[in-house]
Amino acid sequence: MEHLIGRKVLVDVINHYGVTIIPAQTVLNYESVKLLQNHKVDEFSLSLEQVVERRETGEQNRKLLKQAVARSKELFASVTDSASIPLADIREEILPAVRNLSGNSDLFELFEIVKAKDDYTYEHNIGVGILATLIGGWMNLDEEELATLSLGATLHDIGKVNVPETILNKPGPLTDEEFEIVKKHTVHGYELLKNAEGISPRVALIALQHHEREDGRGYPHGLQKGQIDPLSAIVAVADIFHAMSSKRPYREATPFHEIVGQMRQGKFGELNPEIVSLFLDNLMKKLLGRQVVLTDGRAAEVVYLNPHNMEAPLVKAGEQFIDLSKERTVQIREVALV
C-alpha cells in the first residue's frame, strides 16, 4: 500500500469496529499507511483525491502564474516610460493571482511553480509576492495588513526598472561596481512608491528595506533590529528563499537542505528570527509523509521530524531508516512532487 503515500483521503476512514482511524482530508504518509494495513482496510474502499485532478490544478496554477508574470512585465515596462505606477492594473490583474496562488494546498507544488526559470526578474516579483502572502497568512495578519504585504512584496523590486538590463541579465557574478548599481534599486523603488496615491506608505518601505538585516549589515541604510518594518522583514525572508531556490544563468538552484540550513544559521544576513522560524517550521511540518530525493540520489520518505532539529528528519529509503541528524553525509536535496 506504500504507493498510496502522498494521496489524500476525502472521507473519514473507519475500521471494522466503526472507529475513525484517519480523518478526512488527511494526506497519507508512512505511518497512516501502516495504520491502514494494521486495521486490514481494503485500499479499494478508500475515497482518494484523484491524482489527475491535482495535475490539472497544477497546470492551471502554472498557467495563472505565467499570465501574471507576462502582465507584470508589461506593467513594469510602462513605469520606465511614465515614471508612475499603474496601481489599478496591478490590483485588478496581478494581485488576485498572487492571493489565489498563495492559497495552494500543496506547499511544495507551490514552491516548484513559483521557482524562476526563464525570466528571473519578473518571475521573482510574483514569486516573492506569493511567498510573502503565504507567510503573512501564517502570521494571521489582518486583511488590511495582508493586502499591503501582498502589494508591497509584488512591487519590492520595482526600482530595478532603473537598473540597466545588461546588469540584471548578466550571465555571471556582478563586479563590485555593478553590484553598487543594483543596490540602488531599493532607493529607486522607494522614490517611485513614496508619493503614489492610494497605497500605504509601508509599501514604499518594503521596496526600501527588504535588503536590510537585523545586525546592521544590510543595505541601503544599515538598519538594525527594531528599525525595520515587520512587513519588510517578511518580504526579506520570502526574497531569500525564492532567490536561492531558483536557477540563475550563473548558478544552479541551491539544494533544499542548504537553503533551510543557511536561512536558520543566518548565512544570508540576520533575518527576523521569529519569521524565519515560523516559515521553516511550517515548511518542515509539511514534509512529514512526503517523498524526497537525497543528496546521494536515493528516493526516501520523511517519516519523523526531530523536534530539536527539524531540518534533519528521520527518513526511510527502501527498507532502511536514516536519521539525517546523525548521518551527516546525506541530506535532502529536493522534495518530490506527487
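Four bridges join strand 5 (residues 314-317) to strand 6, and the two strands run antiparallel. This is a predicted model, in which local features need pLDDT of at least 70, side-chain atom pairs count only at pLDDT 80 or more, and totals for chains, interfaces and linings use all residues. Residues are numbered from 1 along each chain as its sequence is written, and side-chain values use heavy atoms, with hydrogens and water left out. Helices (H or I, at least four residues) and strands (E, at least two) are DSSP runs, numbered from the N terminus.

**The sheet**

- Strands 5 and 6 belong to an open sheet of five strands with the order 6-5-4-3-7 and antiparallel pairing; two strands pair if DSSP finds at least two bridges between them.
- Strand 6 (320-323) and strand 7 (332-335) are the edge strands, each pairing on one side only.
- On average, neighbouring strands of this sheet are turned by 40° against each other, direction ignored.
- Alanine 317 stands opposite glutamine 320 in strand 6.

**Helices 4 and 5**

- Two packed helices are described by the angle between their axes and the distance between the axes.
- The axes of helix 4 (residues 107-114) and helix 5 (residues 120-138) come within 9 Å and cross at roughly 155°; axes are lines fitted to C-alpha atoms, for helices over the stretch in contact, and angles run from 0 to 180 degrees between N-to-C directions.
- That makes helix 4 roughly antiparallel to helix 5, a term used for angles over 145 degrees.
- In helix 4, Leu107, Leu110, Phe111 and Val114 meet residues of helix 5, including Glu123, Gly127 and Trp138; contact means heavy atoms within 4.5 Å.
- Helix 5 has 19 residues and reaches 26 Å from its first C-alpha to its last, close to the 27 Å expected at 1.5 Å a residue.
- Of the 19 residues of helix 5, 17 are buried, so helix 5 is largely enclosed by the rest of the structure; buried means under 20% relative accessible area, exposed over 50%, and partly exposed in between (1.4 Å probe, protein chains only).
- Asparagine 140, just after helix 5, takes a positive phi of about 60°.

**Two charged residues**

- Lysine 8 lies in the segment before strand 1 (13-14) and is buried, with a relative accessible area of 17%.
- Not counting residues up to four places away in sequence, lysine 8 touches Gln25, Thr26, Val27, Ser47, Leu48 and Glu49.
- Aspartate 89 is in helix 3 (residues 87-102) and counts as partly exposed at 28% relative accessibility.
- Leaving aside neighbours within four places in sequence, aspartate 89 is in contact with Arg71, Leu75 and Ile94.

Technical notes
Angles under 35 degrees count as roughly parallel, over 145 as roughly antiparallel, 65 to 115 as roughly perpendicular and the rest as oblique. The expected span of a helix is 1.5 Å times one less than its number of residues.
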